[in-house]
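Subject: Handover of a structure and notes on its contents

Dear colleague,

Please find below the structure that I am handing over to you. My notes on it come directly after it.

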Amino acid sequence: EQDFQALTRRVTAYHILLPKSTDAALKLKQKIRNRVNPPKSSDTPPLYVIDAFNRAAQMYSLDDETKLNGGLLGEMLPQGAC
C-alpha cells in the first residue's frame with residue numbers, strides 16, 4: 001500500500017524565475033494564457049499548457065540551471081511518502 005501511495009503522489013515541478021515584480025509576472029501569465037487560448041481573430045494554433053510554459057521558461061526565466069529544461073525542477077514526493 002505504501003508503494004502505491006508513493007507512486008501516485010509524485011509531482012513534477014516547473015518554475016520560471018522572474019525579477020521581483022508583480023507586473024512582470026502578470027504579463028508573463030497573460031502571454032502563456034494567450035498561447036494556450038489564442039484569441040479567435042488570431043491565426044496562432046493553441047498550445048498545451050506545458051508547451052507554452054516551457055517556451056516561456058526558456059525565453060524569460062533568470063534561472064540558468066532550469067531555463068534550458070523549460071523550468072523543470074524535477075519530480076518530488078511529499079515527506080514520508082516512501
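The notes below go from the overall make-up of the chain to its core, its strands and its aromatic residues.

Please keep in mind throughout that this is a predicted model.

Overall make-up

The protein chain contains four helices and two strands. Read from the N terminus, the order of these elements is α-β-α-α-α-β. The protein chain has 82 residues, and 22% of them count as buried. Its exposed surface comes to about 6600 Å², of which carbon and sulfur atoms supply 53%. Among the contacts in the protein chain with a separation of 6 or more, 59% are between residues 24 or more positions apart.

The nonpolar core

In soluble globular proteins, nonpolar side chains tend to be buried together. In this model the largest nonpolar core is made up of eight residues, namely Ile-16, Leu-28, Ile-32, Val-36, Leu-47, Ala-52, Ala-56 and Ala-57. Two or more residues of this core come from each of the elements α2 (22-36) and α3.

Two members of the core deserve a closer description. Leu-28 touches Ile-16, Leu-18, Ala-56 and Tyr-60, if residues up to four places away in sequence are not counted. Leu-47, for its part, is located in the loop between α2 and α3. With a relative accessible area of 17%, Leu-47 falls under the 20% limit and is therefore buried. Apart from neighbours within four places in sequence, the contacts of Leu-47 are Arg-35, Val-36, Ala-52 and Arg-55. Leu-47 is also 13 residues along the chain from Asn-34, and the C-alpha atoms of these two residues are separated by 9.3 Å.

A further residue to note in this region is Lys-31, which belongs to helix α2. Lys-31 is partly exposed, at a relative accessible area of 42%. The C-alpha atoms of Lys-31 and Ala-56 are 8.3 Å apart in space, while the two residues are 25 residues apart in sequence.

Strand β1 and the loop before β2

Ala-13 is part of strand β1 and counts as buried, at 15% relative accessibility. Beyond its neighbours within four places in sequence, Ala-13 is in contact with Gly-71, Leu-72, Leu-73, Gly-74 and Met-76. From C-alpha to C-alpha, Ala-13 and Leu-73 are 5.3 Å apart, with their positions 60 residues apart in sequence.

Gly-71 sits in the loop between α4 (64-67) and β2 (72-76). The relative accessible area of Gly-71 is 0%, and the residue is buried. Leaving out neighbours within four places in sequence, Gly-71 has contacts with Ala-13, Tyr-14, His-15, Ala-57 and Thr-66. For Gly-71 and His-15, the C-alpha atoms are 4.9 Å apart in space and the residues are 56 residues apart in sequence.

The aromatic pair and the surface patch

A pair of aromatic rings is described by the distance of the centres and the angle of the planes. The count for this model comes to one aromatic pair. The ring centres of Tyr-14 and Phe-53 are 6.3 Å apart and the ring planes are at 70°, which is over the 60 degrees required, so the pair is edge-to-face. This pair links distant parts of the chain, as Tyr-14 lies in strand β1 (residues 11-14) and Phe-53 lies in helix α3 (residues 49-60), 39 residues apart. Both partners are partly exposed: Tyr-14 has a relative accessible area of 32%, and Phe-53 has a relative accessibility of 22%.

Tyr-14 also takes part in a nonpolar patch on the surface, which it forms with Tyr-48, Ile-50 and Leu-72. Together these residues have about 390 Å² of accessible area. Of the patch members, Ile-50 lies in helix α3 and is partly exposed, with a relative accessible area of 38%.

Tyr-14 thus appears in several of these notes: in the aromatic pair with Phe-53, in the surface patch and among the contacts of Gly-71.

With kind regards

Key:
Residues numbered from 1 in each chain as written. Predicted model: local features only at pLDDT ≥ 70, side-chain atom pairs only at ≥ 80, totals over all residues. Heavy atoms only, no water. Phe/Tyr/Trp six-rings, centres within 6.5 Å; stacked < 30°, edge-to-face > 60°. Buried < 20%, exposed > 50% of the residue type's maximum accessible area, 1.4 Å probe, protein only. Patch = residues over 30% accessible without salt bridge, like charges linked within 9 Å, V, L, I, M, F, W, Y side chains within 5 Å. Areas by Shrake-Rupley, 256 points an atom, 1.4 Å probe, with all protein chains shown as cover. Salt bridge = Lys/Arg side-chain N within 4 Å of Asp/Glu carboxyl O. Core = buried A, V, L, I, M, F, W, Y, C linked by side-chain atoms within 4.5 Å. Contact = heavy atoms within 4.5 Å.
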